[in-house]
Structure formats: C-alpha cells, structure tokens
Amino acid sequence: MAKIRIHQLARELGISNTELIELLRELGEEVKSHSSTIDEATAEAVRELVQERTGKVTGPQIVVLPRRALPPLELAERLKVDLGTIMSQLMKWGTIVPPTQPLDLEVIVKLVKELGYEFQFERDGGKQEEAKTAVETETAGVGVAVAGEESDAVETEEETAVAAVEEEVEEKPPEVKPERLRPRPPVITVMGHVDHGKTTLLDYIRKTNIAEREYGQITQHIGAYEVEWKGRTIVFIDTPGHEAFTALRARGAMVTDIVVLVVAADDGVMPQTVEAINHARAAGVPIIVAINKIDRPDANPDRVKVQLSELGLVPEEWGGETICVPISALKGQGVDELLEMILLVADLMELKADPQAPAWGYILEAKMDPKRGPMATVIVKQGTLRKGDWVVAGTTYGRIRLMTDWKGNEVKEAPPSKPVAILGLEELPDAGDKLEVVEDGKVAKEIAEQRAELKRLQQLQPTRRITLEDFFAQMQAGKVKELNLIVKADVQGSVDAITYALSRLEHPEVKINIIHKGVGDVSENDVMLAAASNAVILGFNVRVDPSGRRALQHEQVDVRLYRIIYELIDDVKKAIVGLLEPIRKEEILGVAEVRATFKTRFGIVAGCYVRSGRLVLNAPCRVIRNGQVVATTRIISLRHYTEDRTEIPEGMECGVGLEDFSAFEIGDLLEAFQVVEVQRSVEEIREKAPELVAAQQ
Ligand code: GDP
C-alpha cells in the first residue's frame, strides 16, 4: 500500500506536524516524527477526522524558497503539490506559461499564498541553495518547511537538509491567539477642511488631559498622543488632515480606527470635507462628525447636517447612522461628549489585539535626532514591544535602546495601540513601514538585508498600480473586480455629466466605483488617494497641479486627462473589456528534448525528441536548461531525417535549428510557443436606462 510521510500529510491538511502526530495518537497510531511514514488507509482516517473538526486545527505552513525566479515545475516539487494545481491557478489568473518557464518572484509569492502557505526566502540565498543541491539527486528542492518539529534520529541526507531549513523557520514565533485577545485603545485621526478647527481640537484635548505643569515640559512631538478618559485610553494621531492618513495607507499601513471629521458650523461642508469623507470611506474607517465652532453667532449646525446627509452621512437624530457631536474646540464645549462617542464607536468595533503575540506595529514618523540618531514613532498593532527587543523596520533594523511615550517619559513596554518613540535603529525607516520584533541581532540584520534585496528586485520590476490599460488583465487575473475612479473636472456641471455617464455603464463582471470626484486640478491628495485605493484618475479640462506632479514622481498612479467627455467614457468602456491593449497570452505548442547536436552546413542543429505537443517551423521557441530560460528565439529549420518539415508531432525525432542560437547542451528543453491575442467586445457593456440611474442616485 502507498505510504505517505507525516510532513506531507500535515501540509496537505494545513495543520502542523505536531498536531498531526497528536491526531494519529488519538487514532491509536504511534509515529516518531514528521519524516515517518504512514499508510494510505491511516492517512484517510486522519483526513476524515480533520474534516470533522475543521476550524479547530489551523496554522498555515511555511515555505522556504530560494530568492530567484522558479518555474512552475520546480515550484510544484518544492511545494509537493501537483503541477496541475499550479498551472490551473495560473490559468485562473489568465497566465499561461510553460511549466519550465521561471515565474516572477511576485507571481510566486502570490501563488504560494493562494495555495495557503506562508512564505519566506532562504536566509543565505545562494549558499543554502548550493548546499542543498549537493545532497540532492535529480529532484529539485526540498525547501518546504513545517514549523514546530523535531527531527528524526534516522534521516536521509535529504531530510537533514530539510531539517536545516526548518530549524530556521521554527524561529518564527506563534501568531495571534484568539483566547489571548484583549481590548485595545482606539486610534483616531482628525480630518476636515482647512481652518475648520482640527488643530484647535487636538490641542484642546491634549491640554485638558494633562496638568499645566507637565504641558510646558513637553518638547517631544512624536506624531501621536494618548488621552486618559474615564479610565480608558484614546490615541490621537497628531498630524491633522488626510495627508498622513492617506500616505500611510498608500503604503499598506492601516493605523487609524476611527476618523473624527471636523466641520465648522459657520462654514459648512467644503471641498476638503468631501475629500476627507472619501478618504475615510475608501479605507473603510468609520466617521464621527464633530460640528465645530458652535460658539459662533453665525453657526448653523443644521445646515451642516443637511449637507452631510446629501453626502450619505445622515445624522443619527435624523434616522441615519452618523454620529454628529456639536462642539466648540476653542471653548471645550461638547468635547467630552465627543470623547464619549469615540469610546462608544470603539466598543462597537470591538477593537482587540493579542498583547502576547509577537510584537509588530507601524512606523508613524521617523526623524534623525542630531544627538541620538534615528528616532521613530511606532504604533504597536499586536504584541508588546519592549526595551531591548531586536526589531526590523522596512529595510532597517536595530535594538531598542530607549523607548519613550508622548510625554517623553521612558517606558519599558508598549502594548497594542500605544504610540512610542524608539531609539536604536541603524537607519531611518519610512513612515508606513512595518516594524517587527525578531529573535536576535543576527536575524534582524539578515531580514533587513533580505528586504533590501527584495526591494531592489522589486524596483527592477516595478509593480505598477492599476492603469486603465492593465485593468482588464488584472480583472482577468482575479486581482480586481472593481474599477476605482477619481474624477476631476473644471466645473461642477462636467463632474456631474461624467459621473452620470459612468454610472450608466454596466458590465456583468465589473463594478465601477467613483471614490472621489471634485472640481479643480489633479492634486497631491488625489494622487495619494488613488495610490491608496488603487484607483485611476480621470481629469476633464484640468491639469495636474505642481503638488500632484511631485506626488506622481514616487506614486505610480495612472492619470488620464481628457478634453472630450465622450473619449473619457469610451476609454473606460474599453478598459473594462480589455480593448485598450489587447491581452497577449502565450500558448505552448510543444516541448522537445535535445539528445544530440550536429554540425551541418547551416550551423549547429539539435537532434531532438518531441516529448509533448508539436514543434512548428518559425514558431518562437525557448531553450530551457535546468529550469532556467537560457535563450528565447525562433525555430528556423525543422527536419525529420533529411526531409524539411513545417511541423513535427509528439513522439518523433527531428533536427532543430534556432535563430542566433547554437550552444545546445544535451538535456536542454526546447519549448515552442505562440502568442495569441484575446480581445473582448464593447458590446458586453450595456448602458442602463436613464430612469434606473436616476432611481439609484
Ligand atoms: P485647522 O486648519 O483645521 O487645523 O484649523 P485651526 O484649528 O487652526 O483653526 C482655525 C481657526 O479657527 C483658528 O483661528 C481657531 O482659533 C478657530 N477656531 C477653531 N475652533 C474654533 C471654535 O470652536 N470656535 C471658534 N470661535 N473658533 C475656532
């Protein structure tokens, strides 16, 4: 009967080896270690048991991979999954590649995650790889590692190599445990139009929270502060406005739990109010409205509520869900109630974290202290950060030498949500970088270096944010289902006309979201919002202002400017059906193996055996050696014995000549392919009847 190894089965079931061994024990089956084998019948019994208890056993497996492009074939072997599983996943994403063609790192990472594994690079890249190949025979890779195991006493060399990799992975600490979750303080960002009182509100809350004497002493600005209110803590991000909020989010760092939107009662909803609402919405963060300046004689809170309702923020007292608190940030009126509401919303959100989990957080700010070196503010998301911890932040690392709270007092520990300034990093991290605690200095340095390397690799292949051109491809690949748009136009009439026209477009697979619209040039804010929300900016009769141009230098956002509304709409239509740029897909025609080489009067020709499919004269062809593509060229001669042929089918031998390539080696694979273009038709888009659009708006 077929045998299966413990670690293989554990991986298949998505449980740890220890958990599996425990399950086997329950079934009366004693096994020694993860490299022991069991028979198929026992494996089946375990599968059933696991199925019964699904939900109880969890924990993704960790895969250690070399830091290089891997072909699907090798990846399948390393993951110990069928090649078919990998190929069909790739196909789902609209990618058809030969099993021997190396995949980009980005794709590999995505694949590995999709298949339910966690992912790590081999620590010392090349060296480990070499060491491993030395003990391996023909089959590539045994890099799949499962955490939390001890190695067997009797192991083959191959298994020893696995264990070596596993040991490193074991350093990865356990994740967040549901039973250890504890409530954590909410983190608040104050947003709103300029001069509506954001700074005044933040100042008032900070001032009233601490003694006068202490207030004068605070010289340290760390980008966030904490407020004690009725025995509970609220954290405020100290930079008002949406710049920091969106800049962090554009880097994937979600720090804010609740947005307090300040709207001046004498001025009402203004353009930046709308922007702030859209930023918060795009981030999925709840909004509490503070209607400010109610002390002013010309204050008109009801007008603000009407305007907010028009934007979909209907006040609670009017039957909606938006909490609106009238306040005077200057005089302090209503501020207590605002804090109360913040806690109420926080309670509803059940904000929790595991203080015992491995600590990590986000860098909020970082600056160089002339005397003490890099200083960074961290907001802890999970776990507890401690003085003396070794940390990695982005591509830098260090040991926490000193940790202070916002009042400048030294703290030894920072639990979830606590903002702290840390000293001890080697270099300045970037705002939005993830900071993680690691085992020791060696690991910290290695990870930081690995990240720097990965960053370098990524910069070589910049991952573009979405563009109208690639929207269709990404949609096909299952990466996006919604097209996020930001519409900027010269006058309100144009904004409305464009929004109306876009709202009429309907496609079975695509949802168009206008996440922000407004009058005026494309600004930095628009770019940052687009970057954070993976949106495309459509401008009509506007330009990109200087701040927007600056932002575009580091944010790869697609901005498209139009002078004719029809063209704008048409481009969106085309993007939805992939007509802007036809999608090119590769199809493998066949694979042949080089078994000999001959010198002929036409140059060097490879004597091949067609293993699958067929070879076709003039077809593009890759030469693959040990899983790496060594050349991509074209078939220029194809012969069966002495006869010229235009095609050679599977199972036949032939002589193959390639354009500008003669350095064949026995064992090379020749892979003939063709590129096909896939187009769809605009006809797939229907335009909704105008009445329907009106009804929905
Ligand atoms: P920000 O741009 O949103 O940060 O606005 P500021 O906090 O700088 O406030 C702009 C102006 O409005 C300042 O002159 C404040 O003194 C004033 N202000 C802020 N809040 C209030 C308030 O509640 N009542 C009155 N009367 N003035 C306020």
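Which helix does Leu-201 lie in? In this predicted model, Leu-201 belongs to helix H9, a stretch that covers residues 198-209. With a relative accessibility of just 1%, Leu-201 counts as buried, because anything under 20% falls in that class. Setting aside neighbours within four places in sequence, the contacts of Leu-201 are Val-190, Val-260, Val-262, Ile-327, Ala-329, Val-335 and Leu-338. One of these partners, Ile-327, sits 126 residues away along the chain, yet the two C-alpha atoms are separated by 9.2 Å.

Leu-201 also turns up in a bigger picture. It is among the residues with the most contacts inside the largest nonpolar core, a group of 33 residues. The others picked out in this way are Phe-236, Val-260, Ile-288, Leu-338 and Ile-342. Which helix gives this core its largest share? That is H14, which supplies eight residues. A second core lies apart from this one; it holds 27 residues, including Met-475, Val-480, Ile-512 and Val-572. As a general rule, nonpolar side chains in soluble globular proteins tend to be buried together.

Phe-236 has a good list of partners of its own. Leaving out neighbours within four places in sequence, Phe-236 touches Ile-188, Val-190, Leu-202, Ile-205, Gly-223, Ala-224, Tyr-225, Val-227, Leu-339 and Ile-342. Val-190 shows up here and also in the list for Leu-201.

Now for H14 itself. This helix runs over residues 335-349, 15 residues in all. From its first C-alpha to its last it reaches 21 Å, close to the 21 Å expected at 1.5 Å a residue. Its buried residues are Val-335, Leu-338, Leu-339, Met-341, Ile-342, Leu-343, Val-345 and Ala-346. A handy thing to keep in mind here is that an α-helix has 3.6 residues a turn, so residues three or four places apart point the same way.

What comes right after H14? The helix is followed by Glu-350, whose phi is positive, near 50 degrees, although Glu-350 is not a glycine. This residue is found in the loop between H14 and strand E13 (352-353). Glu-350 counts as exposed, because its relative accessibility of 55% is over the 50% cut-off. Asn-534 is another non-glycine residue with a positive phi, again near 50 degrees. It sits in the loop between helix H18 (524-533) and strand E25 (535-540). At 29% relative accessibility, Asn-534 is partly exposed.

Closer to the start of the numbering, helices H1 (residues 6-13) and H2 (residues 17-26) pack against each other, with axes 9 Å apart and an angle of about 105 degrees. The angle makes H1 roughly perpendicular to H2. On the H1 side, the contact is made by Ile-6, His-7, Leu-9, Ala-10 and Leu-13. H2 contributes Asn-17, Leu-20, Ile-21 and Leu-24.

Charged side chains pair up too: a search of the whole structure finds 38 salt bridges. One of them joins Arg-386 and Glu-413, at 3.0 Å from N to O. Arg-386 is in strand E16 (residues 385-386) and Glu-413 in strand E19 (residues 413-414), so this pair ties together parts that are 27 residues apart in sequence. Arg-386 is partly exposed, at 37% relative accessibility, and Glu-413 is partly exposed as well, at 42%.

Another salt bridge links Arg-614 and Glu-647, whose closest N and O atoms are 3.1 Å apart. Here the strands are E28 (residues 603-616) for Arg-614 and E32 (residues 647-649) for Glu-647, so parts 33 residues apart in sequence are tied together. Arg-614 has a relative accessible area of 32%, which makes it partly exposed. Glu-647 is partly exposed at 37%.

Are Glu-671 and Arg-622 buried or exposed? Both are buried, and their side chains meet in a salt bridge of 3.2 Å, N to O. Glu-671 lies in strand E34 (residues 669-678) and Arg-622 in strand E29 (residues 620-625), so the pair ties together parts that are 49 residues apart in sequence. Elsewhere, salt bridges with shared partners join Glu-593, Arg-595, Arg-611 and Glu-653 into one network.

Note on methods. Residues are numbered from 1 along each chain as its sequence is written. This is a predicted model: local features need pLDDT of at least 70, side-chain atom pairs count only at pLDDT 80 or more; totals for chains, interfaces and linings use all residues. Side-chain values use heavy atoms; hydrogens and water are left out. Helices (H or I, at least four residues) and strands (E, at least two) are DSSP runs, numbered from the N terminus. The expected span of a helix is 1.5 Å times one less than its number of residues. Buried means under 20% relative accessible area, exposed over 50%, partly exposed in between (1.4 Å probe, protein chains only). A nonpolar core is a set of buried Ala, Val, Leu, Ile, Met, Phe, Trp, Tyr and Cys residues joined through side-chain atoms within 4.5 Å. Contact means heavy atoms within 4.5 Å. A salt bridge is a side-chain nitrogen of Lys or Arg within 4 Å of a carboxyl oxygen of Asp or Glu. Axes are lines fitted to C-alpha atoms, for helices over the stretch in contact, and angles run from 0 to 180 degrees between N-to-C directions. Angles under 35 degrees count as roughly parallel, over 145 as roughly antiparallel, 65 to 115 as roughly perpendicular and the rest as oblique.
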